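Visitor: I should be grateful for a close look at a single part of this structure. Please begin with one helix and then set out how the rest is arranged around it.

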Amino acid sequence: MDFFIDSFLSAASLIWSMDPEFLVVVYVSLKVSSTSTLIASIVGVPTGFLIAFTEFRGRRLLITILNTLLSLPTVVVGLFVYAFISRRGVFGVYDLLYTQKAMVIGQVILIVPIVTTFTIAAISRIDERYRKTALTLGANLLQTAWLILREARFGIAAAIIAAFGRVIAEVGISMMLGGNAKGFTRTMTTAMALEYDKGLFVLSVALGIVLLTVSFAVNLFFNYFQGKARV
Amino acid sequence: MLYAMKNVKKRYEGRTVLDLEALSLGKGKILVLQGPNGAGKTTLLEIMAFLSSPTSGEMWFDGRKVDFTGNSLMGLRQKVVLVQQHAILFTTTVSRNVELPLRIRKTPKRARKQIVEDLLNLVGMEALGDARAHRLSGGETQRVAIAQALACYPEVILLDEPTANVDVENQMAIERTIRDINRTKGISVIFTTHDMIQASRIAEETVFLFEGKKARSTYENIFSAHMELDEDPWKYSVLQNGLRLRVQSEKLGRVRICIDPRAVRLSRSGSSEDNTFQGRLVQLADEENRVRAHVDVGMLLSVLVPKDVFSGMDLGVGDPVWITCPAESIEVLG
Amino acid sequence: MQRQILWIITVTMGLFMIPGIANATENVLKMATTTSTENSGLLDMLLPHFTEETGIRVKVFAKGTGAAIRDGMDGNVDIVFVHAKDREERFVADGYGAYRLGVMHNDFVILGPFTDPAEIKGMHDAPMALKKIAEKGAAFVSRGDDSGTHTKEQSLWKATGLPLKTETVQIVKNLKKHSFSSQHPEGLGQWYHSIGQGMGKALTYAEEKQAYTMADRGTYLKYKFGRKGGLDLEILCQGDNRLFNPYGIIPVDPKKHPHVKFQWADRLANWLVSPKAQHLIAQYKIEGQQAFFPDVISTLK
């Protein structure tokens with residue numbers, strides 16, 4: 001029990017102190033995760049929309065594959081991307097490994113399936129009558145798509161929140177592709193792994209508490225906007 | 001002609017849901033498509049709204065042939081609008097829903113506000129402009145959907161069962177609106193209903209659909225029957241309760257027959273004419289200029305009699321009556 | 001039928017969860033060691049001999065020195081095999097370790113890219129070499145994980161006389177505030193990469209960034225010659241006494257943690273300083289080069 005009390009107090013003092021080095025870690029976490037989530041949403045939402053709305057051969061198979069990719073281990077993504085961007089890899093010349101860009105690449109690969117499948121689910125739940133209504137009111141295809149996306153906005157917001165939650169909490173990709181370099185690529189989760197390796201469990205758990213606090217704040221923020229959008 | 005169709009068929013998963021040899025609908029009128037569930041009314045409306053294309057056949061709109069394969073549908077949809085059965089509104093306020101077609105058509109913002117106000121007035125929903133659309137009752141939703149459709153400034157407005165699951169007050173309001181938009185705006189209105197009273201109240205023309213085909217009359221009085229041979233060209237159509245109707249048809253075996261309630265004759269005394277049966281009057285209903293009588297002749301048969309004819313007969317519920325189904329009142333369906 | 005299958009699955013999973021059932025009859029000793037020891041491959045060679053002689057199997061947990069010592073303090077392991085002499089001695093003094101035996105040593109080397117932007121090639125003075133790297137602002141990769149190597153690196157930075165930044169984290173332990181500090185030269189986030197990972201990771205990171213770094217010779221040899229496409233880094237500075245790296249073995253004191261298998265741990269510690277083990281250590285070569293130097297039989301040096 002003492003262990004958890006210690007952890008909570010340490011977390012509190014960590015947040016209270018506003019130590020600049022600690023803030024950099026939080027900043028890097030948020031920056032990388034938000035960038036990945038944004039890119040994955042730009043890719044995943046339209047993809048999900050198209051899959052939900054078109055009929056083509058192998059559609060079911062594609063959805064099954066996407067569902068399988070939901071359980072993609074971060075280490076596999078990390079290794080895969082590593083092989084391409086390390087100095088010996090095909091894209092080695094771009095000097096990407098151990099940068100925030102590399103982390104974003106890995107994380108985007110990790111969460112595009114999440115955004116896509118959640119979007120498919122959200123769009124499929126939308127009543128067919130919305131599409132017909134939009135068309136009969138004279139909307140073109142783009143306007144129709146927009147109206148349906150608007151109807152599915154809560155489901156899609158859930159997709160994006162889930163994706164963000166996955167990347168802010170993942171450690172494999174950040175560690176393998178980011179390299180945990182302090183001030184460059186150290187995130188809350190890689191810092192936790194490090195403190196654990198150093199034997200400073202209390203600090204590790206304290207960082208975990210900070211991470212949850214930050215996630216909570218981000219979710220509150222999203223919630224606020226969802227509330228606003230609920231006309 | 002507003003719509004003309006030739007051999008229009010629609011198949012869903014191997015089942016033919018619509019099969020119209022020929023159909024033409026006039027311009028500027030209030031037309032009613034009548035028929036039971038599964039008659040193909042909604043399918044036909046969706047084709048007429050250019051939301052779905054027929055599997056085969058040809059269609060003309062306003063004298064021009066419709067090309068269902070090309071990109072012209074988008075332009076045609078600007079002229080026709082469909083209010084679906086159990087209309088659905090977008091998750092926002094009532095006024096923004098009505099405003100939507102105007103935004104799509106890039107109407108200037110200032111003009112939009114006035115138009116939305118006028119349309120909500122027209123359907124009697126002006127008080128609920130700021131309400132959330134998905135909080136409305138079925139009838140209110142339907143009225144807003146009509147206002148939304150009118151914001152498209154259509155030439156034709158199609159309504160699918162506009163008064164199904166709608167309370168009486170809203171039903172009256174909707175019927176009034178339908179008449180209004182036809183008279184004052186000159187918009188052609190085509191709607192479906194299975195409420196015959198309503199159809200007779202406001203329709204200038206009625207088209208009956210049954211099992212995807214154009215039927216001669218209402219779908220009332222439909223019975224399954226078995227065909228038996230009689231002296232050529234006559235056959236007997238034997239109903240389940242043993243009633244034998246003499247008909248002229250090429251079909252054999254199991255069929256369904258449909259008896260037009262308007263063509264059945266009602267009288268106080270019997271005759272030796274074909275297809276005359278004795279029964280008992282069990283129910284009477286007033287329908288505008290006609291009286292609907294339900295007669296028990298071993299099964300219930302619905303008969304429509306002009307009011308003046310009926311009042312001359314001096315009949316009441318429980319009285320014994322005779323009915324005669326002339327050959328032209330009976331249709332044999334496949 | 002489905003119920004039975006469910007039962008079988010439940011029972012089987014339950015069996016896995018009961019510790020010790022799977023290999024109750026085996027004698028397993030748990031040892032915490034550093035990643036550099038594990039990565040060098042020495043233990044893979046050495047421990048089978050011990051098992052053969054005594055029947056005691058050794059389970060190795062490779063971590064940073066900090067975590068390895070922490071495992072010992074918590075009684076998670078029976079014996080600790082690390083290389084950070086000051087901390088080892090404190091570990092024994094605080095009553096966690098029963099005793100410490102010096103087993104062997106190797107040395108650290110300062111590595112860098114072939115291009116050598118800070119021009120330290122051939123230097124023998126390690127702090128001077130680091131100073132030149134810092135002054136040049138050339139990329140340097142630090143383990144930064146509180147490991148023995150990291151401890152050594154910090155002491156070398158101290159010896160350069162450069163201004164250092166001390167970073168302190170405070171944690172609450174038993175409701176009292178404790179602070180842990182580490183030092184690094186100014187330039188963190190610019191040229192100084194503190195990655196908080198093991199030796200192997202630090203080497204590949206340095207190679208990727210073509211940066212300078214400090215490594216123990218054993219791990220370096222393994223990465224340079226022991227695999228296809230060897231490490232693209234060169235030894236640029238070596239031979240300084242201050243790069244000396246002693247390894248000690250410490251059984252966890254049973255007075256602190258009565259459940260530890262002290263008897264076996266004691267046996268392993270004494271075996272490691274026995275002539276046989278010392279000879280084995282001396283003979284262990286990585287890519288043709290001696291990697292570790294036994295401390296007891298110094299004549300074998």
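Guide: In this predicted model, helix α3 of chain B, residues 94–104, is mostly covered, with eight of its 11 residues buried. The buried positions are B:V94, B:S95, B:N97, B:V98, B:E99, B:L100, B:P101 and B:L102. Among the elements that cover them are α4 (109–122) and α5 (138–150) of chain B. In an α-helix there are 3.6 residues a turn, so residues three or four places apart point the same way.

The residue B:K106, which follows α3(B), has a positive phi near 60°. Most residues other than glycine have a negative phi. Chain B offers a further case in B:E161, which is not a glycine and yet has a positive phi of about 45°. B:E161 sits in the loop that runs between β7 (156–159) and α6 (168–185) of chain B. Because 20 or more C-beta neighbours within 10 Å make a residue buried, B:E161, with 23 of them, counts as buried.

From chain B one may pass to its partner. The contact between chains A and B takes 15 residues from chain A and 20 residues from chain B. On the side of chain A that touches chain B, the elements giving two or more residues are α6 (128–136) and α7 (141–151) of chain A. The largest share there comes from α6(A), which gives six residues. By class, that side of chain A has six nonpolar, five polar and four charged residues.

Chain A itself has 11 helices and zero strands. Its C-alpha atoms fill a box of roughly 65 × 45 × 30 Å along the principal axes. Of the 231 residues in chain A, 44% are buried. Among the contacts in chain A with a separation of 6 or more, 75% are between residues 24 or more positions apart.

One helix of chain A deserves a closer look, namely α5(A), residues 100–124. At 1.5 Å a residue, its 25 residues should span 36 Å, and the end C-alpha atoms are 35 Å apart, which agrees. There is nevertheless a kink of about 35° in α5(A) at A:I111, shortly before the proline A:P113. Since 21 of the 25 residues of α5(A) are buried, this helix is largely enclosed by the rest of the structure.

Chain A also meets chain C. There are two pairs of chains in contact, and chains A and C share the most contacts. In this pair, 28 residues of chain C are in contact with 25 residues of chain A. Four elements of chain C each supply at least two residues of the side that touches chain A: α4 (65–73), β6 (164–173), β8 (192–194) and α8 (199–209). The element that gives the most to this side is β6(C), with six residues. The side of chain C that touches chain A divides into nine nonpolar, 11 polar and eight charged residues. Chains B and C, by contrast, have no contact joining them, and their closest C-alpha atoms lie 38 Å apart.

The secondary structure of chain C comes to 11 helices and 14 strands. Buried residues make up 46% of its 301 residues. In chain C, residues 24 or more positions apart account for 71% of the contacts with a separation of 6 or more.

Two packed helices are described by the angle between their axes and the distance between the axes. In chain C, the axes of α6 (residues 126–136) and α7 (residues 148–160) come within 8 Å and cross at roughly 80°. An angle of 65 to 115 degrees counts as roughly perpendicular, and α6(C) is therefore roughly perpendicular to α7(C). To this contact α6(C) brings C:A126, C:P127, C:L130 and C:K131, while α7(C) brings C:L156, C:W157, C:A159 and C:T160. By class, the contact of these two helices has six nonpolar, one polar and one charged residues.

Chain C, finally, has a residue with a positive phi in C:Q210, where the angle is about 50° although the residue is not a glycine. C:Q210 lies in the loop between α8 and β9 (212–216) of chain C. With 17 other C-beta atoms within 10 Å, C:Q210 is partly exposed, whereas B:E161 counts as buried.

How values were computed
Residues are numbered from 1 along each chain as its sequence is written. Chains are lettered from A and ligands numbered from 1 in the order in which they are written. This is a predicted model: local features need pLDDT of at least 70, side-chain atom pairs count only at pLDDT 80 or more; totals for chains, interfaces and linings use all residues. Two residues are in contact if their C-beta atoms, placed from the backbone, lie within 7 Å. Ala, Val, Leu, Ile, Met, Phe, Trp, Tyr, Cys and Pro count as nonpolar, Asp, Glu, Lys and Arg as charged, and the others, Gly among them, as polar. A residue is buried if 20 or more other C-beta atoms lie within 10 Å of its own, exposed if 12 or fewer, and partly exposed in between; C-beta atoms are placed from the backbone. The expected span of a helix is 1.5 Å times one less than its number of residues. The bend at a residue is the angle between axes fitted to the seven residues ending there and the seven starting there. Axes are lines fitted to C-alpha atoms, for helices over the stretch in contact, and angles run from 0 to 180 degrees between N-to-C directions. Angles under 35 degrees count as roughly parallel, over 145 as roughly antiparallel, 65 to 115 as roughly perpendicular and the rest as oblique.
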